[in-house]
Structures are given as C-alpha cells and as structure tokens.
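This report walks through the packing inside one protein chain. Have the structure open while you read.

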Amino acid sequence: MNGPIRLYMSMSLDGYIAGPDDRPGQELGRDGGRLFNWLDDRESDGPSGRVYREALATGAVISGRRTFELAGRWQGDHHDGVPIFVLTHQVDDGDVPPGHSPFVTDAEDCALQPRAAAGERPVMVHGAGAAQALLRAGQVDEMEIHLVPVLLGAGRRLFDHLGSDHIELDLVRRLEDRDVTHLRYRVRQPEEAA
C-alpha cells in the first residue's frame, strides 16, 4: 500500500502562503517570512518539532514549477535525496533539473510516479499551483496546514483556481504550538462527499 499524498503548507488566516511580490531574492514575498516563525521550534520535542520530523520522513516530493524555481531547485535535494517531481505546464528542450527531479506535465501522472517512488512513506506536496492541480485531479489525500495567526492581506493564495466543485475535508488532527496551529485534514473523495 502506498502512503498518502499530503500537502504541507504554512498559511495565514486569510489564506496566503506568501506575501505580495514573491520573486527570486524575495521568495516568500514581502512579510511572507512571518508564516514560518514556527520553524524556530522545529528541533523541539513539541508539536512543531513533531510535524517537521514527519515532513522530513516523506519519501518523495511533488513541487509546482514556480515553487521549484523560487527555491533554487533545492539544488536537486529537498531532503535526504528523495526524488522531487516537478509539476509544470511545459518542459523546455535542454532544461534538465538537478538530482532526481523529473518534470511532469500531467497531474495524475505526477501523483502516480511519486507514490511508486515513496513506497509506504507519504509524498509531500509543495506550492499553490501544484496543490490546486492535484486537488482538481482528485490526487491529494491529506492536507497539513500550518495555520499562522496573521492576516497578510495580499500575496499568493493557496486555494485559488480550484473550480466550482466544493471539496469536503475531515479534520483528523489539530496540534497547537507557539504561534501556529497544525491542522491535518483528510480529503474526502467525491463519492464520499455525495
């Protein structure tokens, strides 16, 4: 049995994952770093340390192309040499990503390949574009949202462009820590939501 495909994202209460003007040199946008203060506790034995260790125990990564580029392509290694599958609209001739990072243009294929690579370990999803494409394709099993008590007011939203169909979620875990609430949701499949 394969592990779940799980979105991991820090998000403001008003739905932003980056501040305005996210770009190379300002990857999190203006004031977007505020969403990651909880990582100061990543080495702790508390909830944030637990969630961070779980994220690093994933067996593969799916990243959107924009996130991949803004992260400097992680120099081909997101964590522990796990493969990084980059969901993109197009692949330019001669553009070969570093490490184990193939480009994939189909959302369903971009779910199958990492599941196989990760085995029983979860697959981590990064990036709003990849999350939206995978949600529309019914390929996200869980979402780990690190909800930060701030209203950014502008920037890049996590759940734009999902279409008109609603997606039902079940809260399966809630962990409170300093400056963050870690919320894990199971994504209901369409047949369950009916």
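In this predicted model, the cover over the buried residues of α1 includes β1, β6, β7, β9 (169–177) and β10. The helix α1 spans residues 47–56, and its buried residues are Ser48, Gly49, Val51 and Ala55. Seen down the axis of α1, they fall within an arc of 165°, so they line one face of the helix.

**Helix α3**

A second helix can be read the same way. Cys110, Ala111, Pro114, Arg115 and Ala118 are the buried residues of α3. Their arc around the axis is only 125°, which puts them on the same side of α3. Leu112 and Ala116, on the other side of α3, are exposed. An α-helix has 3.6 residues a turn, so residues three or four places apart point the same way. The buried residues of α3 pack against β1, β3, β4, β5 (103–104), β6 and α4. Just after α3, Gly119 has a positive phi of about 65°.

**Strand β6**

What lies on the two faces of β6? Val123 and Val125 sit on one side, Met124 and His126 on the other, and all are buried. Both faces of this strand are therefore covered. In a regular strand the side chains alternate between the two faces of the sheet. The pairings of β6 are set out here.

| Strand paired with β6 | Sense | Bridges | A bridge pair |
|---|---|---|---|
| β1 | parallel | 3 bridges | Leu7 and Val125 |
| β3 | parallel | 4 bridges | Ile62 and Val125 |

Val125 thus appears as the β6 bridge partner of Leu7 and of Ile62.

**The nonpolar cores**

Which residues touch the most other members of the largest nonpolar core? They are Leu7, Ile62, Leu87, Val125, Leu134, Met143 and Leu158, out of 29 residues. The elements that give two or more residues to this core are β1 (5–12), β3 (60–64), β4 (84–87), α3 (109–118), β6 (123–126), α4 (128–136), β7 (142–148) and β10 (180–187). The largest share, 6 residues, comes from α4. There is also a second, separate core of 10 residues, with Tyr8, Phe68, Val86 and Met124 among them.

Take Ile62 as a close-up. Leaving out residues up to four places away in sequence, Ile62 touches Ile5, Phe85, Cys110, Ala111, Pro114, Val123, Met124, Val125, His126 and Leu134. Among these contacts, Cys110, Ala111 and Pro114 are buried residues of α3. Val123, Met124, Val125 and His126 are the buried residues already named on the two sides of β6.

Key. Residues are numbered from 1 along each chain as its sequence is written. This is a predicted model: local features need pLDDT of at least 70, side-chain atom pairs count only at pLDDT 80 or more; totals for chains, interfaces and linings use all residues. Side-chain values use heavy atoms; hydrogens and water are left out. A nonpolar core is a set of buried Ala, Val, Leu, Ile, Met, Phe, Trp, Tyr and Cys residues joined through side-chain atoms within 4.5 Å. Buried means under 20% relative accessible area, exposed over 50%, partly exposed in between (1.4 Å probe, protein chains only). Contact means heavy atoms within 4.5 Å. The arc is that of the directions from the helix axis to the C-beta atoms. Two strands pair if DSSP finds at least two bridges between them.
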